[in-house]
Amino acid sequence: MLLCKRGPYPMSLHRAFHLLLFLTSLCQSGMLEASLPSFRTFVPSEGGLTHLVIHNKTGDVYIGAINWIYKLSSNLTKLRSHVTGPVVDNEKCYPPPGVQSCPHELSQTNNVNKLLLLDSGQNRLIACGSTSQGICQFLRLDDLFKLGEPHHRKEHYLSSVSEAGTMSGVVISGPQGVSSGKLFVGTPIEGKSEYFPTLSSRKLMANEENADMFNFVYQDEFVSSQLKIPSDTLSKFPTFDIYYVYGFSSEQFIYYLTLQLDTQLTSPDASGEQFFTSKIVRLCVDDPKFYSYVEFPIGCTKDGVEYRLVQDAYLTRPGARLARSLGISEREEVLFTVFAQGQKNRAKPPKESALCLFTLRKIKQKIKERIQSCYRGEGRLSLPWLLNKELACINSPLQIDDNFCGQDFNQPLGGTTTIEGIPLFLDKEDGITSVVAYDYRGHTVTFVGTHSGRVKKVASAGRLNVGCWGLVLESQHI
């Protein structure tokens, strides 16, 4: 499954969308070494593209847009479409008007696609929108026929935030012979912590009308498969939120790259300047109580300049040359990540940006070292937004290995140092907004999209420094 994510810009998804389609056409035609050709495009009449997924077996392309879901062939011919809006709604209605009468005035409201995920095991698409408090539709992959739209219970509402590119989901299929799976969802909540968790794990049932659909994987009187932003945090920082830029699974873990208000640098005074920080969040897939929750600051630095505002990321395996230069196997995973300079202006970050590289091995090692130190009783949990107080780590004889998934103490846990990536390519003019990467005959080729609507093909010379990666082989305006 290939999932397109994007940063918090209304227009960059157009570029990320074309970027991924262009890469797909290159992969299929073997033209990676050739100059950029003219390529087919699909532009719906209403515009407003937000998400894209590609079926890795059929090559079919599924697109989320404002008020529509589209299915295209691999050559971008439109095969099917499904209308999702406008919807008679008011964002103040809770629950949605279709469930209970609402005292607020209703009007025709655009439905922005917030989440588009393939659930291939069940031959369906999960499409979640911004209206009706963020309910989701299940669409059959073959013809986009609506299989179901759960909306009768509180758990069916995921988030009413309409800003695209701030919500991310990961589907985990059930074991062989098991018809149910899991959906991990991260979303901003716009202060509605009483309604929405910022991170949760939900049940995916084979029957779309099953009463357990979207229930938390685990829930009792004290613990459940969710994290909520505490009301104390929102009282002190009313604008605090978490924006989920990119999500993926690797081995037995779920990861998210997020942007959130930096409560250590930002003054509680509403008129003060706001600072943001990027975090990498990790959970174990099989941890229904979220005891394994860890988050670490993440970014990269070049010539003393810090790049801390994550815009996009792409998980892949390295080509042979890149793997050798990193000292890892070609079977290991690497994470190409785009950051904008500094820590200010989340919605309109500086154009100066950096393409950076992380190995999953290093990320896992940093997280393991932090857990080990905490279980030696060193330091504190260091997660102020979630705990609202400093709690000391508790010494324990437990052995912490690569697969450790937490206990009911020493959790949740925050990293105290930034995981630094390798800066590969700097762009001080166009501003990078999206990235994909591809291994071609042992060479790792990276494509980046920019604010100005350009696609740049950047290749590795086999050595890891900005000079070697700074070679833009091709640049084409879209």
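This section describes the overall make-up, cores, disulfides, one sheet and two selected residues of a predicted model.

The protein has 478 residues, 58% of which count as buried. Its secondary structure consists of 6 helices and 29 strands. The accessible surface comes to about 19,600 Å², and carbon and sulfur atoms make up 47% of that area. Among contacts with a sequence separation of 6 or more, 58% are between residues 24 or more positions apart.

The largest nonpolar core contains 86 residues. Within this core, the residues with the most contacts are Leu199, Leu335, Phe336 and Leu355. The strand that gives the most to the core is S17, spanning residues 253-261, with 7 residues. A second core, separate from the largest one, has 15 residues. Its members include Leu115, Cys136, Leu158 and Val171.

A search of the whole structure returned 5 disulfides. A bond of this kind is a covalent link between the sulfur atoms of two cysteines. With the bonded cysteines counted along the chain, the connectivity is 1-2, 3-4, 5-10, 6-7, 8-9. Three of the bridges are treated below.

Cys128 is joined to Cys136 at an S to S distance of 2.0 Å. The angle about the S-S bond is 100°, and the link of Cys128 and Cys136 is right-handed. Both Cys128 and Cys136 are buried. Cys136 is also one of the residues of the second nonpolar core.

A disulfide between Cys284 and Cys405 likewise has its sulfur atoms 2.0 Å apart. The torsion about the S-S bond of Cys284 and Cys405 is about -95°, and the disulfide is therefore left-handed. Cys284 belongs to strand S18 (residues 276-284), whereas Cys405 is in the loop between helix H5 (384-387) and strand S23 (413-414), so the pair ties together parts that are 121 residues apart in sequence. The two ends of this bridge fall into separate accessibility classes. Cys284 has a relative accessible area of 2% and is buried. Cys405, at 26% relative accessibility, counts as partly exposed because its value lies between the limits of 20% and 50%.

In the bridge from Cys300 to Cys356, the S to S distance is 1.9 Å. This pair links distant parts of the chain, with Cys300 in strand S19 (residues 294-302) and Cys356 in strand S22 (residues 353-359), 56 residues apart. Cys300 is buried, its relative accessible area being 0%. Cys356 also counts as buried, at 0% relative accessibility.

Strands S12, S13, S14 and S15 were examined as a sheet. Pairing between the strands of a sheet occurs through backbone hydrogen bonds and can be parallel or antiparallel. Here 4 strands form an open sheet in the order S12-S13-S14-S15, with antiparallel pairing. Strand S12 (168-172) and strand S15 (226-227) are the edge strands, each of them pairing on one side only. Strand S13 (residues 181-186) and strand S14 (residues 199-204) run antiparallel and are joined by 6 bridges. Across this pairing, Lys182 stands opposite Lys203 in S14.

Two further residues were considered individually. Ser250 is found in strand S16, which covers residues 242-250. With a relative accessible area of 5%, Ser250 is under the 20% limit and is therefore buried. When residues up to four places away in sequence are not counted, Ser250 touches Tyr255, Glu333 and Leu360. Of these contacts, the one with Leu360 spans 110 residues in sequence, and the C-alpha to C-alpha distance between Ser250 and Leu360 is 8.7 Å.

Thr444 is part of strand S27 (residues 443-450). Its relative accessible area is 3%, so Thr444 is classed as buried. A polar atom of the Thr444 side chain lies 3.0 Å from the backbone nitrogen of Gly319.

Notes: Residues numbered from 1 in each chain as written. Predicted model: local features only at pLDDT ≥ 70, side-chain atom pairs only at ≥ 80, totals over all residues. Heavy atoms only, no water. Helix = DSSP H or I, 4+ residues; strand = E, 2+ residues; numbered from the N terminus. Buried < 20%, exposed > 50% of the residue type's maximum accessible area, 1.4 Å probe, protein only. Contact = heavy atoms within 4.5 Å. Core = buried A, V, L, I, M, F, W, Y, C linked by side-chain atoms within 4.5 Å. Areas by Shrake-Rupley, 256 points an atom, 1.4 Å probe, with all protein chains shown as cover. Polar contact = N/O pair within 3.5 Å; in protein donor to acceptor, adjacent residues only side chain to side chain. Disulfide = S-S within 2.5 Å. Pairing = 2+ DSSP bridges.
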